[in-house]
Amino acid sequence: VAPPDGSPTEAAATITAREFFDQDVQRRIAAWKRGSAPLSVVLVEVDDFANLARQYPRAGELLQATITRFLQATLREMDHVARLDEHRYGVLLPTVNATFAGEVAERLRKDAGDVRLNVSEAEIRFTVSTGAAEVMPDDDAPCLLQRATTALQTAIDRGRNRSYWHDGQRCLPVGIAPQTLV
């Protein structure tokens, strides 16, 4: 599926490459600053991707294809999905605030755990970690993506297979609002 602006896609993944994702994030932040609807980013990383790829021949390629189909089937048509590197994906969510972005991140995390792959006569399961952030007044694309990356790294550091969001000051598990913390 080609992006609406006609930018090229990665042939194997059928989702956009990082440079087009970064450009779209910047463009949508500019629109948001002119009074547009909320905008959030969710980063999704396949946990232990390198170990799975080493343990099972063809697992890396199959995981990439499976995650791509999974994200495309799970998200809205208006959402922008991009493969950022071998095991990380970015999801740009127009009209979505931090609360709903956290819900999307958590749904992706939970649903990915139900996916099973048949590789080398073995059934393997995988998990993902997610990090979410909503655009804030002083954000540019690198700042928004860094906050989402920090949330994702927190999910990984806390044991993987988790979802965190960045509220502008700190990372919180999805489902915990800042006002409920002591």
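In the predicted model, the buried residues of helix H5 are Ala141, Leu144, Leu145, Arg147, Ala148, Ala151, Leu152, Thr154, Ala155 and Ile156. These buried positions pack against helix H1, against strands S2, S4, S7 and S8, and against strand S9 (171-173). H5 has 17 residues, which should span 24 Å at 1.5 Å a residue, and the 24 Å between its end C-alpha atoms agrees with this. At the start of H5, the backbone nitrogen of Cys143 has a side-chain oxygen of Asp140 within 2.9 Å. Just after the helix, Gly159 adopts a positive phi of about 120 degrees.

The helix partner of H5 in this packing is H1. H1 covers residues 18-33 and H5 covers residues 141-157, and their axes lie 9 Å apart at an angle of about 110 degrees. The two helices are therefore roughly perpendicular to each other, an angle from 65 to 115 degrees being counted as such. The crossing in which H1 passes H5 is right-handed. On the H1 side, the residues that meet H5 are Phe21, Asp22, Val25, Gln26 and Ile29. On the H5 side, the residues involved are Ala141, Pro142, Leu144 and Leu145. Of these, Ala141, Leu144 and Leu145 are also among the buried residues of H5.

These helices belong to a protein with five helices and nine strands. From the N terminus on, the order of elements is β-α-β-α-α-β-β-α-β-β-β-α-β-β. Of the 182 residues, 49% count as buried. Among contacts with a separation of 6 or more, 61% are made by residues 24 or more positions apart.

Helix H4 comprises residues 98-112, 15 residues in total. The distance from its first C-alpha to its last is 21 Å, close to the 21 Å expected at 1.5 Å a residue. At the N-terminal end of H4, Asn97 acts as a cap, with a side-chain oxygen placed 3.1 Å from the backbone nitrogen of Thr99. Buried residues in H4 are Ala98, Ala101, Gly102, Val104, Ala105, Glu106, Leu108, Arg109 and Ala112. Their cover includes helix H3 (59-74) together with strands S2 (39-46), S4 (88-94), S7 (128-134) and S8 (163-166). Strands S2, S4, S7 and S8 also pack against the buried residues of H5.

H3 and H4 cross at roughly 135 degrees, and their axes come within 11 Å. The pair is therefore oblique. H3 passes H4 in a right-handed crossing. Phe70, Leu71 and Thr74 of H3 meet Arg107, Leu108, Asp111 and Ala112 of H4. Of the H4 residues in this interface, Leu108 and Ala112 are buried.

Leu75 lies in the loop between H3 and strand S3 (80-83). With a relative accessible area of 11%, Leu75 is buried, the limit for this class being under 20%. Leaving aside neighbours within four places in sequence, Leu75 is in contact with Val81, Val91, Leu93, Val104, Arg107 and Leu108. Arg107 and Leu108 are also met by residues of H3. The C-alpha atoms of Leu75 and Val91 are separated by 8.8 Å, and the two residues are 16 residues apart along the chain.

Ser40 is located in strand S2. Its relative accessibility is 0%, so Ser40 counts as buried. The side chain of Ser40 reaches the backbone oxygen of Asn97 at 3.5 Å, while Asn97 is itself the residue that caps H4. Not counting residues up to four places away in sequence, Ser40 touches Val91, Leu92, Leu93, Val96, Asn97, Ala98, Ala101, Ala133 and Glu134. Two of these, Ala98 and Ala101, are buried residues of H4.

Gly131, in strand S7, is buried with a relative accessible area of 0%. Leaving aside neighbours within four places in sequence, the contacts of Gly131 are Val41, Val42, Leu43, Ala148, Ala151, Leu152 and Tyr164. Ala148, Ala151 and Leu152 are buried in H5. The C-alpha atoms of Gly131 and Ser163 are separated by 5.8 Å, although the two residues are 32 residues apart along the chain.

Definitions and conventions:
Residues are numbered from 1 along each chain as its sequence is written. This is a predicted model: local features need pLDDT of at least 70, side-chain atom pairs count only at pLDDT 80 or more; totals for chains, interfaces and linings use all residues. Side-chain values use heavy atoms; hydrogens and water are left out. Helices (H or I, at least four residues) and strands (E, at least two) are DSSP runs, numbered from the N terminus. The expected span of a helix is 1.5 Å times one less than its number of residues. Buried means under 20% relative accessible area, exposed over 50%, partly exposed in between (1.4 Å probe, protein chains only). Contact means heavy atoms within 4.5 Å. A polar contact is a pair of N or O atoms within 3.5 Å; within protein, one must be able to donate a hydrogen and the other to accept it, and residues adjacent in sequence count only if both atoms are side-chain atoms. Axes are lines fitted to C-alpha atoms, for helices over the stretch in contact, and angles run from 0 to 180 degrees between N-to-C directions. Angles under 35 degrees count as roughly parallel, over 145 as roughly antiparallel, 65 to 115 as roughly perpendicular and the rest as oblique. A crossing is left-handed if the near helix is turned anticlockwise from the far one by less than a right angle, and right-handed if clockwise.
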